[in-house]
Amino acid sequence: MASAAGAQATGKQNVSELAGKYLTFDLGKEEYGIGILKVREIIGLMEITAVPHTPRYIKGVINLRGSVIPVLDLRSKFNMEPQDYNERTCIIVVEVQGESGIILVGMIVDSVSEVLNIVDGEIEPPPTFGGGDVETANFLGMAKIKGRVKILLDVDKVIGESGLGHSAVM
Amino acid sequence: MAGAEQGVDELLDDLAVKIMVIEPGDLSSVGDLLEILERLQSAVEPATQKKLQQMIRTFQEALQKLVMGELPDTAASYEKLGECISRMQEVLRNGEDAAPLGSFFAHLRDIGFAVESGATDGVSGGQSGFSRDRELIECFVDEAAEFLGSIEANILQLEKTPGDREAVNAIFRAFHTIKGTAGSVSLDEISRLAHATENLLDEVRGGRFAMDGDVIEAVLGVADTLREMIAQVRDVFRAEADYQPAGIDASLALINRLMEKKKGGGPAEVKRDALPEAQRVKPSGTSESLDLVCRIMDKGAGQGAKTDPGKDGLAEPPVPSPLEQGQVPDFMKDGDLLSGFISEAFEHLETIELNVLELEQNPDDIEIINNIFRPFHTIKGVSGFLNLTTINKLAHATENLLDDVRNSRLSMNSAIIDIVLGVGDFLRNMIQNVSDVLEKGPEAYRPFDIKEFLERIKICQGGDVASLPMPKSVWDVQTPRLQPRQPLPADQSVQESVEPMLAGSRTPEPGVTAANLAQKKNIEASIKVDVKKLDGLVNAVGELVIMQAMVRHNPLIQELSDPKLNKDFAQLTRITTELQKTAMSMRMVPIRQTFQKMTRLVRDLSKKMGKKVDLVMEGEDTEIDRNMVDSIYDPLVHMIRNSVDHGVQLPAERVRTGKPETGTVRLSAYQKGGNIIIEIADDGDGVNTAKIRKKALERGLIQEDGHYSDHEINNLIFLAGFSTADKITDVSGRGVGMDVVKKGVESLRGKVELQSTPGEGSLFLMYLPLTLAIIDGIVVRVGSERYIIPTIAIRESMRPRMENYNTVQGKGETLLVRDTLLPIIRLYHVFGVAGACVDISQGITVVIENEGRQRALLVDELLGKQEVVIKSLGGYMQDVKGVAGGTILGDGRVGLILDLAGLINVSEEMGSGVI
């Protein structure tokens with residue numbers, strides 16, 4: 001368990017450190033995984049209050065048992081085709097390292113699948129793509145499990161405060 | 001025995017050679033070293049070679065760490081380790097008593113080995129390392145603290161009823177127990193001090209010696225010292241903080257010196273004072289405490305000598321160590337202790353200031369002098385212990401000065417008061433600097449020159465007030481002649497104040513002091529709680545209230561019409577409301593402290609201006625949110641300064657206009673509705689409305705033919721830039737910093753206004769919210785979104801009539817409200833909300849004001865007034881323009897609270913809102 005968290009912190013250079021438990025979820029036809037230690041909880045979709053003057057992918061804020069936390073749409077963040085929310089749509093509340101400590105952020109995903117234990121041998125470093133359309137910095141690696149590919153996300157990079165900060169200008 | 005010694009000797013030599021030739025990375029050789037150490041361990045004589053054994057053990061640990069890779073495996077490390085071996089050899093040569101443990105541990109520390117407290121206690125002990133039994137020590141520390149508490153309580157009891165034998169016995173028993181337990185864990189110094197005090201008390205018990213003020217002072221002094229020592233033992237032992245050899249060495253040296261003095265010289269060495277007056281009482285530090293006990297014992301033994309430790313004995317405080325002078329990081333060793341000291345010291349300084357100001361009114365009140373003396377004494381003690389030499393010296397010198405006053409060697413005069421106040425300020429700066437160093441590191445260190453103060457204190461002690469240089473730091477212009485406030489014939493004042501001291505009765509004189517004591521009695525028991533915990537509680541309670549409302553309004557539950565359920569709900573509501581009120585009130589503090597700071601300000605200002613001003617305070621018990629205390633300080637200072645500076649006239653002028661020579665500034669606080677109102681009133685001339693009008697016309701702020709009430713004109717002084725750059729007049733008129741006041745108050749979501757009556761004075765009114773955590777807001781709807789507008793910024797709201805609606809160049813929209821054209825902000829446009837009401841005549845406009853800017857805000861509907869708990873949107877979305885934060889509304893959804901300043905700015909950037 002602990003190694004997954006360590007992997008998130010150290011980056012993707014050392015693929016073998018990435019082994020550990022991951023929560024996998026779907027976005028369109030793709031499957032993604034995030035280190036289980038980053039996940040605070042999974043909640044169903046709830047009413048979101050829009051916040052003006054924020055990037056398009058930030059849907060707004062929700063009331064998580066008394067705390068106001070921001071929610072972003074991961075499809076929108078990755079510039080994927082938008083899809084209407086349905087009963088399978090979930091908000092994964094993750095902990096990311098902010099400037100002033102841990103902050104909670106909700107990510108809207110199509111559906112949550114399972115928790116997988118991914119071992120060394122199954123993980124490969126992320127491939128490089130031409131054209132710069134894909135931000136590979138967001139990925140820790142790719143895991144091949146039973147013929148399916150799971151994209152392991154670096155949550156801190158994807159929705160870290162810095163990732164938001166520069167785009168918050170619109 | 002000799003054989004064993006030989007063995008140790010040889011083994012050490014072997015070790016020294018081996019470590020010299022060792023190469024970094026050669027861990028198998030280190031293994032050899034460990035083997036030798038094993039043999040050394042068994043070769044030493046545990047009974048007689050305690051220190052050496054300890055050194056070997058520690059050395060062994062260090063080597064093991066090195067093998068494990070926890071310490072750097074470098075040539076430098078081995079060099080240091082070699083040094084350590086040399087130290088061990090020295091112990092062997094010179095004997096246990098001269099063990100150079102300090103440098104031994106220093107070397108180990110140099111290579112990064114964390115020397116455990118259990119290992120270092122030998123250093124502190126000198127010839128008496130205290131017991132290494134953790135449980136025993138912990139037990140002793142806890143017990144001793146209790147005993148000291150009971151000692152203090154009993155002493156205070158004795159002070160009231162000097163003849164209470166039971167109290168004396170209780171104190172005696174407590175000291176006796178402390179002595180016994182301290183002895184059993186080898187805390188010799190504590191044991192000795194307790195023993196000496198016990199002897200003294202035994203004399204009292206036996207009736208050979210009266211329980212008088214001197215004894216009480218002495219015992220209290222000892223109790224303070226013991227508490228410090230025990231606290232130190234605890235800290236060293238818990239190893240929460242770094243070990244402080246300098247502090248302990250110094251106090252040890254001190255104690256040893258005193259012990260020698262006591263044993264060797266005894267009373268003969270105590271100088272007799274040339275002054276024939278009262279015996280000096282000086283409970284300061286171990287030295288003085290012991291000294292005092294000795295002296296009283298001498299007196300009791302029939303020597304009858306009026307003793308004085310002598311000027312040279314007291315002039316210099318015990319200097320903890322020559323090292324620390326100017327060396328910044330020396331006091332940096334112990335963050336926990338230091339930060340504790342800092343916050344305490346600030347409290348003490350405040351106490352000092354308050355009491356000094358009170359003393360100014362009652363220069364002869366011994367009780368007040370004592371109240372000033374004690375905090376200085378504490379600051380001195382703790383700063384010395386923490387190696388803050390300059391602070392220690394300054395506090396000590398001031399303490400001496402006060403002691404002279406206390407003992408009537410000097411009479412209290414305004415020069416002394418000025419010095420004490422000056423020292424207080426200076427100490428505050430110094431301690432602030434220490435705090436900065438603690439936060440930002442040694443670079444922040446700033447040396448302070450206390451020479452000036454020390455000299456002035458010396459001059460003062462010499463009684464030569466006339467030649468006293470004026471304190472630069474307090475005020476620099478128009479100083480009135482230094483005169484004792486109530487000049488008393490010296491001999492008379494001496495008699496008056498000495499008598500109670502000698503009689504041992506501290507019964508305060510009636511009047512002010514009696515009132516003081518009564519006030520003190522009212523102070524209730526309280527505990528300190530982490531502000532974070534408190535905030536957490538307030539938050540949780542806020543949620544509880546909302547959740548309860550949500551459950552209650554759940555349609556399913558509302559369908560039920562069970563009377564029991566309804567009754568229970570009513571009860572639940574009552575409890576949660578009560579809980580919320582209590583939780584909120586926990587964050588509230590009386591405004592007293594903030595007000596009291598103004599006393600000093602008025603005093604200094606009026607002196608500087610040559611005016612006579614009385615500050616009258618009312619409603620100091622009114623409570624405000626803790627988080628607000630700091631923020632209202634600046635606005636208050638500005639307004640008070642204005643009142644004294646521009647409001648109250650010079651004495652001559654006042655007499656001419658038929659007012660009493662002394663002006664009055666009234667500072668009052670009270671609660672009214674959901675607001676705290678702070679009033680600052682003066683009985684000066686009032687504001688010169690005509691001049692403000694003239695200035696406002698010049699600046700184009702008002703129209704020549706406009707109809708403005710005086711009130712409106714007067715309040716123009718709060719406009720940004722109205723007064724700061726260019727004073728209203730050069731003679732009078734308020735103005736300096738008024739926009740600062742307004743901004744400060746507005747940042748607290750409050751407002752400020754001015755009322756002025758020509759010839760009678762002016763009145764500032766500050767409206768503040770009860771708390772920062774809750775905001776009074778109007779919930780408005782725009783499309784499907786709801787926003788909260790802070791009520792304090794709302795002037796009015798209306799359904800606009802089309803005849804008042806105008807556009808400029810077809811774009812800039814304005815609404816005519818009471819003869820004023822207000823730009824319209826369409827909220828849905830600024831926030832990009834779809835489905836909102838576009839037709840002006842169908843919506844509602846809310847007139848808002850921020851920093852003097854008024855706008856008409858177009859919304860769909862007003863939903864109601866509500867108190868909401870403000871929540872941050874989190875670091876993630878800190879700077880959303882136009883949004884101050886969020887809140888959880890009654891239905892559990894998040895509503896956004898508008899930030900009007902940001903909103904107005906955004907709307908201006910975006911341009912017109914017509915779509």
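**Exercise 1.** In this predicted model, work out how the span of helix α24 of chain B relates to the expected one, and which side of the helix is buried.

*Solution.* Start with the length: α24(B) covers residues 592-609, which makes 18 residues. From first C-alpha to last, the helix reaches 26 Å, close to the 26 Å you'd expect at 1.5 Å a residue. Next, pick out the buried positions: B:T594, B:F595, B:M598, B:V602, B:L605 and B:S606. Now look down the axis: these residues cover an arc of only 105°, so they sit on the same side of α24(B).

**Exercise 2.** Find what the buried residues of α24(B) pack against, then check the backbone just after the helix.

*Solution.* The packing partners, all in chain B, are β2 (613-618), α25 (626-647) and β4 (663-672). Step past the end of the helix and you hit B:G610, with a positive phi of about 70°.

**Exercise 3.** Break down the contact between chains A and B.

*Solution.* Count residues to begin with: chain B puts in 22 and chain A puts in 21. On the chain B side, α21 (531-552), β17 (883-888) and β18 (894-898) each supply at least two residues. Sort that side by character and you get nine nonpolar, eight polar and five charged residues.

**Exercise 4.** Which residues touch the most other members of the largest nonpolar core?

*Solution.* The core has 79 residues, and the best-connected ones are A:V105, A:M107, B:I789 and B:L827. Take A:M107: skipping neighbours within four places in sequence, its contacts are A:L72, A:L74, A:I91, A:I92, A:V94 and A:I159. Another core, of 41 residues, lies apart from the largest one and includes B:V356, B:A397, B:L410 and B:I450.

Definitions and conventions:
Residues numbered from 1 in each chain as written. Chains lettered and ligands numbered in written order. Predicted model: local features only at pLDDT ≥ 70, side-chain atom pairs only at ≥ 80, totals over all residues. Helix = DSSP H or I, 4+ residues; strand = E, 2+ residues; numbered from the N terminus. Expected span 1.5 Å × (residues − 1). Buried ≥ 20, exposed ≤ 12 C-beta atoms within 10 Å, placed from the backbone. Arc of directions from axis to C-beta. Contact = placed C-beta atoms within 7 Å. Nonpolar A, V, L, I, M, F, W, Y, C, P; charged D, E, K, R; others polar. Core = buried A, V, L, I, M, F, W, Y, C linked by C-beta atoms within 7 Å.
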